[in-house]
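Dear colleague,

Please find below the structure that I am handing over to you, followed by an account of what was found in it. I would be grateful if you read the two side by side.

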Amino acid sequence: MDFPVLVKERIVQKKSIANFEQALEILGQPLIEGGYITESYLRGITDSLGKNGPYFVIAPKIALPHAQAQGNVLALGLSVLRVEQAVTIFDREVNLFIMLAAPDGDAHLKILSRLVDVMDTEEKQEFLLACPVEALQDILLQDWK
């Protein structure tokens, strides 16, 4: 079975969502349906958030929700959600969520380094937050085909 890391259908734009739990559902469902993760992976993210705080909010308004694979990640994949109205996670507002699903530590580091290249400056981050969704798709998909 072919497991592309990211496809256009897993890059979603919404005006608003209710909360972080809904963000996880929107991000996780296509990865579950595609055979990338199990539902337990989403619970792992929620549990880690409760224990460690918002460790995955890596820049202003940008979060990379993820957790340890622990057998719940079956293939390397990403899912993206951008919302116009920020979601508050603890005291941090987030508009761009990129869910990481990495089956092992090596894959985790590889995917993180590629994401860092896409958003390693404040200018790149601001562009990802404001650009049309088609441009967001083009930028993120260019390395994941």
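In this predicted model, the axes of α1 and α2 cross at roughly 150 degrees and come within 9 Å. Since angles over 145 degrees count as roughly antiparallel, α1 and α2 are therefore roughly antiparallel to each other. Their crossing is right-handed. On the α1 side, the contact is made by Phe 20, Leu 24, Gly 28 and Ile 32; α2 contributes Glu 39, Leu 42, Ile 45, Thr 46 and Leu 49. Sorted by class, the residues in this contact are six nonpolar, two polar and one charged.

Turning to the interior, the largest nonpolar core has 29 residues. Within this core, the members that touch the most others are Phe 20, Ile 37 and Phe 97. At least two residues of the core come from each of α1 (20-33), α2 (39-52), β4 (77-89) and β5 (92-101). The greatest contribution is that of α1, which gives seven residues.

Ile 37 merits a separate remark. Leaving aside residues up to four places away in sequence, Ile 37 touches Gly 28, Leu 31, Ile 32, Leu 42, Asn 72, Val 73, Met 99 and Ala 101. Of these, Gly 28, Ile 32 and Leu 42 also take part in the contact between α1 and α2.

Apart from the largest core lies another, of 21 residues. Its members include Ala 59, Ile 62, Ile 111 and Cys 131.

With kind regards

Key. Residues are numbered from 1 along each chain as its sequence is written. This is a predicted model: local features need pLDDT of at least 70, side-chain atom pairs count only at pLDDT 80 or more; totals for chains, interfaces and linings use all residues. Side-chain values use heavy atoms; hydrogens and water are left out. A nonpolar core is a set of buried Ala, Val, Leu, Ile, Met, Phe, Trp, Tyr and Cys residues joined through side-chain atoms within 4.5 Å. Buried means under 20% relative accessible area, exposed over 50%, partly exposed in between (1.4 Å probe, protein chains only). Helices (H or I, at least four residues) and strands (E, at least two) are DSSP runs, numbered from the N terminus. Contact means heavy atoms within 4.5 Å. Axes are lines fitted to C-alpha atoms, for helices over the stretch in contact, and angles run from 0 to 180 degrees between N-to-C directions. Angles under 35 degrees count as roughly parallel, over 145 as roughly antiparallel, 65 to 115 as roughly perpendicular and the rest as oblique. A crossing is left-handed if the near helix is turned anticlockwise from the far one by less than a right angle, and right-handed if clockwise. Ala, Val, Leu, Ile, Met, Phe, Trp, Tyr, Cys and Pro count as nonpolar, Asp, Glu, Lys and Arg as charged, and the others, Gly among them, as polar.
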